[in-house]
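Got the model open in your viewer? Here is a tour, stop by stop, with something to select at each one.

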Amino acid sequence: MSNTPSVKLPVTELNVVRKNQPAKVKIAESRIATLSSSPNIIRHITFDLGGSDLEGKFLSGQSIGVIPPVSGSEGKPESLRLYSISSPSDGEDGKGRFYSTTVKRLIAEHWETQDLYTGLCSNYLCKLREGDEVLVTGPSGKRFLLPDNYQDFKYVFFATGTGIAPFRGMIMDLVKRGHQNKMVLAFGSPYRTDLLYYPYFSELDKKIENFSYLSAVSREEPRANGQRPYVQSLIEDRADILEPVLKQSNTLIYICGIKGMETGIFRELGKKGLTEYFTFKKDIDSDPDKWDDEIMKKAIKPGDRMFLEVY
């Protein structure tokens, strides 16, 4: 559309610290990010980057690399894992020294063998305490960022689980900058106890007129039709808030969370005729209900006004 402003992404210095020469930094804080009764273990972990080459280098939306000491079975150095920064661009302290991430302990049973397995890096990080040292790299990520001309846009953020991490930082940035346009955070979780950073976002919803916080709790609160509500359900169930924003030509969509969540969001946007957020690589069925993961992979990709990061 001719009245759609161009997205001007910031130019940022990447990989200031690499895996072959990681920075050794300390844990400044590690606290539970869920409500205490949650069946999941998710921690808000803060790194003290003071005195390292990473101090002041991260933008909200970027990732920090963490190198666990060894792989459990073979004793070999492990590949680094990337974790989204959940802090604003100037850090938790406003001076670029302390940056946080949001980590879920992976503890699961293999569906076929019934063996219990744990995520090496997530469990390593979650057991670290204040003062412990950890090897880190970064920054990583050059597109999943707020634009330099952020004030020209409205924002809709879709998140599941720890995918809320970059949006905490981005929303904090926008609030600090006095952003006047509409911002909506749509968050999906299985239980109310897993509504991460709930006190901050629910309070912000009350205090700031141009910010709305929407949640979908899939295993506790069925929709009127009896189906489970997922984050994409909010496009229909909270159309009163989302539809007016999504129809604007200066709205940007950011999606972050578990891989596959984008399929449902794409379908719901398609049903509303909001296909300007996509780029179609080839002709597809006009019925969005028939858009499955395979069609998504082969025929649809995010357009200039959509930013996608799934894992």
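Before the first stop, one definition: two strands count as paired if DSSP finds at least two bridges between them. Keep in mind, too, that this is a predicted model.

**Stop 1: the parallel sheet**

Select β9 (154-160) and β10 (183-189). These two strands run parallel and are paired over 6 bridges. For one rung of that ladder, pick Val-156 and its bridge partner in β10, Val-184.

Now widen the selection to the whole sheet. What is the order of its strands? Reading across, you get β11-β10-β9-β12-β15, an open sheet of 5 strands with parallel pairing. β11 and β15 (306-310) sit at the edges with a single partner strand each, so one side of each has no neighbour in the sheet. From one strand to the next, the twist averages 10 degrees.

**Stop 2: two helices across the sheet**

Add α2 (165-176) to the view. This helix lies across β9, β10, β11 and β12, and runs at about 155 degrees to β9. Then add α5, residues 239-246. Helix α5 also lies across β9, β10, β11 and β12, at about 125 degrees to β9.

**Stop 3: the nonpolar core**

Show side chains for Tyr-155, Phe-157, Phe-167, Leu-185 and Tyr-254. They have the most contacts inside the largest nonpolar core, which has 29 residues. Elements that give two or more residues to this core are β9, α2, β10, α3, β11 and β12 (251-257). Which of them gives the most? That is α2, with 4 residues.

Apart from this core lies another one, of 26 residues, including Val-156, Val-231, Leu-269 and Met-296. Val-156 is the residue you picked at the first stop as the partner of Val-184.

Centre on Phe-167 next. Beyond its neighbours within four places in sequence, Phe-167 touches Phe-144, Phe-157, Phe-158, Ala-159, Leu-185, Tyr-254, Ile-255 and Cys-256.

**Stop 4: the rings**

Stay here and colour the aromatics; the structure holds 16 aromatic pairs. Why does the pair Tyr-254 and Phe-307 count as stacked? Their ring centres are 4.5 Å apart and their planes are at 15 degrees, so the pair is stacked; the cut-off for stacking is planes under 30 degrees apart. The two rings come from distant parts of the chain, with Tyr-254 in strand β12 and Phe-307 in strand β15, 53 residues apart. Tyr-254 is buried at 0% relative accessible area, and Phe-307 is buried as well, at 1%.

Now select Phe-144, Tyr-155, Phe-157, Phe-167, Tyr-254 and Phe-307 together: ring pairs link them into a cluster.

**Stop 5: Asn-210**

Go to the loop between α3 (198-207) and β11 (211-217), where you will find Asn-210. Is Asn-210 buried or exposed? With 14% relative accessibility, Asn-210 counts as buried, because the cut-off for buried is under 20%. Leaving out neighbours within four places in sequence, the contacts of Asn-210 are His-179, Gln-180, Asn-181, Lys-182 and Met-183. Check the distance from the side chain of Asn-210 to Gln-180: one of its polar atoms lies 3.4 Å from the backbone oxygen of Gln-180. For a long jump, draw a line from Asn-210 to Lys-127, which is 38 Å away C-alpha to C-alpha and 83 residues apart in sequence.

**Stop 6: the antiparallel sheet**

Select the open sheet of 6 strands with the order β4-β3-β8-β1-β2-β5 and antiparallel pairing. Its edges are β4 (81-84) and β5, each with a single partner strand, so one side of each lacks a neighbour in the sheet. On average, neighbouring strands here are turned by 45 degrees against each other, direction ignored.

Zoom in on β2, residues 42-48. 7 of its 7 residues are buried, so β2 is largely enclosed by the rest of the structure. Ile-42, His-44, Thr-46 and Asp-48 point one way, while Arg-43, Ile-45 and Phe-47 point the other.

Finish with the pairings on either hand. β1 (residues 23-32) runs antiparallel to β2 over 6 bridges, with Arg-31 partnered by His-44. β5 (residues 98-104) is joined to β2 by 7 bridges, also antiparallel, and there Ile-45 stands opposite Thr-101. From β1, 4 bridges lead on to antiparallel β8 (residues 133-140), where Ala-23 has Val-136 as its bridge partner.

Key
Residues are numbered from 1 along each chain as its sequence is written. This is a predicted model: local features need pLDDT of at least 70, side-chain atom pairs count only at pLDDT 80 or more; totals for chains, interfaces and linings use all residues. Side-chain values use heavy atoms; hydrogens and water are left out. Buried means under 20% relative accessible area, exposed over 50%, partly exposed in between (1.4 Å probe, protein chains only). Contact means heavy atoms within 4.5 Å. A polar contact is a pair of N or O atoms within 3.5 Å; within protein, one must be able to donate a hydrogen and the other to accept it, and residues adjacent in sequence count only if both atoms are side-chain atoms. A nonpolar core is a set of buried Ala, Val, Leu, Ile, Met, Phe, Trp, Tyr and Cys residues joined through side-chain atoms within 4.5 Å. Axes are lines fitted to C-alpha atoms, for helices over the stretch in contact, and angles run from 0 to 180 degrees between N-to-C directions. Rings of Phe, Tyr and Trp (its six-membered ring) pair if their centres lie within 6.5 Å; planes under 30 degrees apart count as stacked, over 60 as edge-to-face and the rest as tilted.
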